[in-house]
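Visitor: Could you take one small part of this model and look at it closely with me? I would like to follow a single residue first and then see the surroundings it belongs to.

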Amino acid sequence: MKEIILGLVQGLTEFLPVSSSGHLTIFSEFMNLGQNISYFAILHLATFFAVLLFVWREVFDIIKGIFTLNKNMLNLAGKLIVSTIPAIFAAFLLDDFFENIFSSIFAVATFLFITGIMMFLSDNFDKDKKDMQNISYKDALIIGLVQALAILPGISRSGSTLFAALLLGMKRKEAVKYSFLMSLPVTFGAGILNLEGFNFNIYYFLGTIVAFLSGILGLYILKKTVLNGKLKFFAYYCFSISIFTFIYFGLVI
């Protein structure tokens, strides 16, 4: 049952801007599960397939464009690669350091509060000028550098990329699509790299299915929320969870 709850938590929070890694750490501590990194990896793969289903048309267009040497699609693919590189370097070069941070409830609560601040500010960015095709490579790199911060538990990957994209003037709909596309190599890598030693059972299987289905729901909710300019509600949620965590785990006097 606990594995299914973690699957639900991962699926919803992977794409909602509230940090899946932070929530998995908090819920694992709350339910005395410990840090099951290999199970978390399976859950990341489940959400990878959820977002792939959600943006399959865009992925198909990019792949088709690469093989047909379509200039616009090659350009978009190049920008997505630039946006992905910082997170890959952060994961490989700072892996041991961040493994220690993942066990720190204090760090999670702190970074969740920072995510809340980003979401609160994001609704005020209303330039709404750029789409995925005409952002610059500099913009792509900046968004990628901000995404790399999401290796910190409590910093939301989707939230940080949306924050950066909207700050740089992307249209809301385009920012959502770009964030989803950027998530594919990150969630796939997070799953594949930590699968070693995983022993599958029926509870893990059910948790994985729940993560996939709730991931699709989370994607839909995020898209609607961003388009309606309601990210501040996630800010209030992050603030609440952060404060609750500080108090419940005795992190404040």
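Guide: In this predicted model, A235 has a relative accessibility of 0%, and because buried means under 20% relative accessible area, A235 counts as buried. This residue sits in helix α12, which covers residues 232–248. Leaving aside residues up to four places away in sequence, A235 touches G116, M119 and F120. The C-alpha atom of A235 is also separated by 9.2 Å from that of I114, although these two residues are 121 places apart along the chain.

That link across the sequence can be set beside the chain as a whole, where, among contacts between residues at least 6 apart in sequence, 83% join residues at least 24 apart. Buried residues such as A235 make up 50% of the 253 residues in the chain, while the area that the chain exposes is about 12,200 Å², with carbon and sulfur atoms supplying 69% of it. The helix that holds A235 belongs to a chain with 12 helices and 0 strands.

Another of these helices, α1, runs over residues 2–15 and reaches 21 Å from its first C-alpha to its last, close to the 20 Å expected for its 14 residues at 1.5 Å a residue. Buried residues of α1 include L6, G7, V9 and Q10.

Helix α10, residues 172–192, can be checked in a similar way: its 21 residues should span 30 Å at 1.5 Å a residue, and its end C-alpha atoms are 31 Å apart, which agrees. Even so, α10 has a kink of about 30° at S183, shortly before the proline P185. P185 is also one of the residues that line the second largest pocket, and among the others are L181, M182 and L184. This pocket has a volume of about 200 Å³, and α4 (56–67), α5 (71–93) and α10 each supply at least two residues of its lining.

Between α4 and α5 there is a loop, and L69 lies in it. L69 has a positive phi of about 60° although it is not a glycine. What is the relative accessible area of L69? The value is 64%, and since exposed means over 50%, L69 counts as exposed, whereas A235, where we began, is buried.

Technical notes:
Residues numbered from 1 in each chain as written. Predicted model: local features only at pLDDT ≥ 70, side-chain atom pairs only at ≥ 80, totals over all residues. Heavy atoms only, no water. Helix = DSSP H or I, 4+ residues; strand = E, 2+ residues; numbered from the N terminus. Buried < 20%, exposed > 50% of the residue type's maximum accessible area, 1.4 Å probe, protein only. Contact = heavy atoms within 4.5 Å. Areas by Shrake-Rupley, 256 points an atom, 1.4 Å probe, with all protein chains shown as cover. Expected span 1.5 Å × (residues − 1). Bend = angle between axes of the 7 residues up to and from the residue. 1 Å grid on protein atoms, 1.4 Å probe; cavity = no way out; pocket = protein on both sides within 12 Å on 5 of 7 lines; lining within 4 Å. Points joined across faces, edges and corners; volume = space filled by probe spheres on them.
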